Amino acid sequence: MQLLDGKAISSQIKFEIKNEVEAWIANGGKKPHLAAILVGADGASETYVASKIRSCEEIGFTSTLLRFGPEISEKELLEAVEGLNNDPDVDGFIVQLPLPKHISENTIMEAVSPAKDVDGFHPVNVGKMCKGLPAYISATPFGIMEMLIRAKIETSGKHCVVIGRSQIVGLPMSILMQRNEYPGNCTVTITHSRTQNLKEICQTADILIVALGRPEFVTADYVKEGAVVIDVGITRVVDETKKSGFAIKGDVDFNDVAPKASYITPVPGGVGLMTICGLLTNTFKAAKKEIYS
Ligand SMILES: NC(=O)C1=CN([C@@H]2O[C@H](COP(=O)(O)OP(=O)(O)OC[C@H]3O[C@@H](n4cnc5c(N)ncnc54)[C@H](OP(=O)(O)O)[C@@H]3O)[C@@H](O)[C@H]2O)C=CC1
Ligand SMILES: Nc1nc(=O)c2c([nH]1)NC[C@@H]1CN(c3ccc(C(=O)N[C@@H](CCC(=O)O)C(=O)O)cc3)C=[N+]21
């Protein structure tokens, strides 16, 4: 078993971005500025925001966080989005999901200017990604692809099973893994809560990407000997032994699955850190106006 060490890979990527940003600024470029809107207090979002702010500081980006209570109206949130769309200093921003039930996530995602949509959630960016055109690609799938590249994992002709079909992870991940270029060319199966025989399908996976949001759901009996296992899940569970009062768990039972896997990502220290790299890469592209002039 080989650990796909998100900490080591993401440190290397951040080092590379930091150097590029320094050169960009030395040549008169603008310091990249990433903003985030957080509504309420979702555990995974809190983890993300904290991690993101730390990374922005590390590599020399400006970061701004706009926090709102869960009672904010859709109209007020749309105004906040419009404010960031029109703020010339903000290069890119994300609206943390999930949003409270009374707010339509699709309405909010469509309100974000595609040029500042560093999460890659706007239909224009999703459409461009599907067609293989230059676009912001959702940070988590982007980070996972980068991890596969850096670990030189063979993907061509492999069976990739994705658990979860969300707009933010499962769906874009599936599209990227079937593309006619490395790291893609997989035969992809997308599974979800209505899938029958999930375990049997997972047992046929050469590459298993798990994003359903249930801590330690995938056990060794789901996994073929020698499979590559990518754990996207981030759930805060109560843990009295921790200073913070909680521990972060993935969707894969790591200790059970690791002996069977050829490669596996840990949680924490895996995909989450790669997501941050995806977001920073997209934000730097936004500052350089690489995709939208
Ligand atoms: N590490 C990182 O960078 C990131 C981590 N996350 C984490 O990843 C996890 C998934 O996030 P996200 O995609 O947003 O979650 P969603 O809740 O939006 O989607 C979950 C998906 O899993 C499916 N699902 C739920 N239960 C089952 C089941 N028992 N069997 C099979 N499929 C099931 C759902 O099916 P259906 O469509 O039928 O409801 C849905 O498609 C969460 O823990 C989240 O915090 C998310 C983003 C980034
Ligand atoms: N619009 C939107 N885009 C997202 O990409 C998005 C979102 N909303 N909502 C919440 C989920 C969750 N998510 C995480 C990303 C990184 C870490 C992360 O950096 N984790 C580190 C640090 C963990 C720690 O602090 O210990 C790790 O796993 O090692 C966590 C969670 C992005 N999400």
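**Exercise 1. Which helix gives the most residues to the shell around ligand 1, and how does that shell divide by class?**

Solution. Begin with the helices of this predicted model: helix 10, which covers residues 271–287, gives the most to the shell around ligand 1, namely three residues. Next, look at the individual neighbours, for of the 26 residues around ligand 1 those that come nearest are Ala 44, Ser 166, Ser 193, Gly 213 and Thr 275. Finally, sort the shell by class, which yields ten nonpolar, 13 polar and three charged residues.

**Exercise 2. Describe the shell around ligand 2, and explain why ligand 2 lies between two domains.**

Solution. First, name the nearest of the 23 residues around ligand 2, which are Ala 44, Tyr 48, Ser 51, Pro 268 and Gly 272. Then turn to the elements: helix 2 (43–59), strand 4 (92–95), helix 6 (139–150) and helix 10 each supply at least two residues, and helix 2 has the largest share, with six. By class, this shell around ligand 2 holds 14 nonpolar, eight polar and one charged residue. As the last step, note that domain 1 (27–114) and domain 2 (139–272) both give residues to this shell, and therefore ligand 2 lies between them.

**Exercise 3. Do strands 5 and 6 run parallel or antiparallel, and what is the handedness of the crossover that links them?**

Solution. Strand 5 (residues 159–163) and strand 6 (residues 187–191) run parallel and are joined by five bridges, and in one of the pairs Ile 163 has Thr 191 of strand 6 as its bridge partner. Following the chain from strand 5 through helix 7 (residues 170–178) to strand 6, one traces a β-α-β crossover that is right-handed.

Conventions. Residues numbered from 1 in each chain as written. Chains lettered and ligands numbered in written order. Predicted model: local features only at pLDDT ≥ 70, side-chain atom pairs only at ≥ 80, totals over all residues. Near = placed C-beta within 6 Å. Helix = DSSP H or I, 4+ residues; strand = E, 2+ residues; numbered from the N terminus. Nonpolar A, V, L, I, M, F, W, Y, C, P; charged D, E, K, R; others polar. Pairing = 2+ DSSP bridges. Right-handed = clockwise from strand over helix to strand, strands pointing away. Domains from an automatic or database assignment.
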